[in-house]
Amino acid sequence: MNNIELTDIKSRVRSVIASALKVNVKLLFPENRFLEDLGVDSLDRITLIVMLENEFGRAIPDEDALNFTCVGEVEQYIARRDLGVKI
C-alpha cells in the first residue's frame, strides 16, 4: 500500500461527501456523523452513495451503504475495498 494512494482515497471521499451534502470539505472529519452532525436525510444518503459509486467506478451494495454512520466509515470502506487495507 502506498500512503499517497490512501491519502488520495480519503481526499476523494471527503470531496464527494462535501459536494453531495453542500458543505465545506475543510469542515469534514472522520468522526463527523451523517445524521447527527451533518443532517443527512434519506435523499442525501442516496445522492451520496450514487456520487461515491461514480467517483470510484464501483457499486456499493445497499447493505454496506446502510451501515455508514460517519465520514471515517466511508473512508475505511473504500480503502479496504480498493486498496485492501484497513485504516
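1. Contacts of Glu53. With its neighbours within four places in sequence left aside, Glu53 is in contact with Arg58, Ala59 and Ile60. The model is a predicted one. Glu53 belongs to helix H2. Its relative accessibility is 21%, and because the buried class ends under 20%, Glu53 counts as partly exposed. The C-alpha atom of Glu53 is separated by 20 Å from that of Arg33, a residue 20 places away along the chain.

2. Helix H1. The 19 residues of H1 should span 27 Å at 1.5 Å a residue, and the end C-alpha atoms are 27 Å apart, so the model agrees with the expected span. The buried residues of H1 are Leu6, Ile9, Val13, Arg14, Val16, Ile17, Ala18, Ala20 and Leu21. Arg14 is thus listed as buried alongside residues such as Leu6 and Ile9. The packing partners of these buried residues are H2 and H4.

3. Val13 within H1. Val13 is found in helix H1 and has a relative accessible area of 0%, so it is buried. Not counting residues up to four places away in sequence, Val13 touches Leu52, Phe56, Val74, Glu75 and Ile78. Two of these names, Val74 and Ile78, appear again among the buried residues of H4. Val13 and Ala79 are 66 residues apart in sequence, with C-alpha atoms 9.8 Å apart in space.

4. The end of H1. Which residue follows H1, and what is the sign of its phi? The residue is Lys22, and its phi is positive, near 55°. Lys22 is not a glycine. Most residues other than glycine have a negative phi. Lys22 sits in the loop between helix H1 (3-21) and helix H2 (42-56). With a relative accessible area of 73%, it is exposed. A reader checking backbone angles may start with the phi of Lys22, about 55°.

5. Asn32 in the same loop. Asn32 also lies in the loop between H1 and H2. Is Asn32 buried or exposed? Its relative accessibility is 12%, so Asn32 counts as buried. Leaving aside neighbours within four places in sequence, Asn32 is in contact with Leu27, Asp37, Leu38, Thr69, Cys70 and Val71. One of these, Val71, is a buried residue of H4.

6. Val40 in the same loop. Val40 is placed in the loop between H1 and H2 as well. At 8% relative accessibility, Val40 counts as buried. Residues up to four places away in sequence not counted, Val40 touches Leu21, Phe34, Leu35 and Arg45. Leu21 is on the list of buried residues in H1. Val40 and Val13 are 27 residues apart in sequence, and their C-alpha atoms are 16 Å apart in space.

7. The cavity. How many cavities of 30 Å³ or more does a search of the whole structure find? One is found. The volume of the largest cavity is about 30 Å³. Rolling a probe the size of a water molecule over the atoms shows where empty space is left. The lining consists of Phe34, Val40, Arg45, Leu48, Ile49 and Phe68. By class, the lining holds five nonpolar residues, no polar and one charged. Val40 of the lining touches two other lining residues, Phe34 and Arg45.

8. The aromatic pair. Phe68, one of the cavity-lining residues, also takes part in ring pairing. A search of the whole structure finds one aromatic pair. The ring centres of Phe68 and Tyr77 are 5.2 Å apart and the planes stand at 70°, so the pair is edge-to-face. The angle settles the class because planes over 60 degrees apart count as edge-to-face. Phe68 and Tyr77 are both buried.

9. Helix H4. H4 (residues 71-83) has 13 residues and reaches 18 Å from its first C-alpha to its last, close to the 18 Å expected at 1.5 Å a residue. Its buried residues are Val71, Gly72, Val74, Glu75, Tyr77, Ile78, Ala79 and Arg81. What covers the buried residues of H4? The cover includes H1, H2 and helix H3 (62-65). Gly84 comes after H4 and has a positive phi, near 75°.

Methods:
Residues are numbered from 1 along each chain as its sequence is written. This is a predicted model: local features need pLDDT of at least 70, side-chain atom pairs count only at pLDDT 80 or more; totals for chains, interfaces and linings use all residues. Side-chain values use heavy atoms; hydrogens and water are left out. Rings of Phe, Tyr and Trp (its six-membered ring) pair if their centres lie within 6.5 Å; planes under 30 degrees apart count as stacked, over 60 as edge-to-face and the rest as tilted. Buried means under 20% relative accessible area, exposed over 50%, partly exposed in between (1.4 Å probe, protein chains only). Helices (H or I, at least four residues) and strands (E, at least two) are DSSP runs, numbered from the N terminus. The expected span of a helix is 1.5 Å times one less than its number of residues. Contact means heavy atoms within 4.5 Å. On a 1 Å grid over the protein atoms alone, a cavity is a set of points where a 1.4 Å probe fits but cannot get out, and a pocket is an open set with protein on both sides within 12 Å along at least five of seven lines; lining residues have an atom within 4 Å of a point. Grid points are joined across faces, edges and corners, and a volume is the space filled by probe spheres set on the points. Ala, Val, Leu, Ile, Met, Phe, Trp, Tyr, Cys and Pro count as nonpolar, Asp, Glu, Lys and Arg as charged, and the others, Gly among them, as polar.
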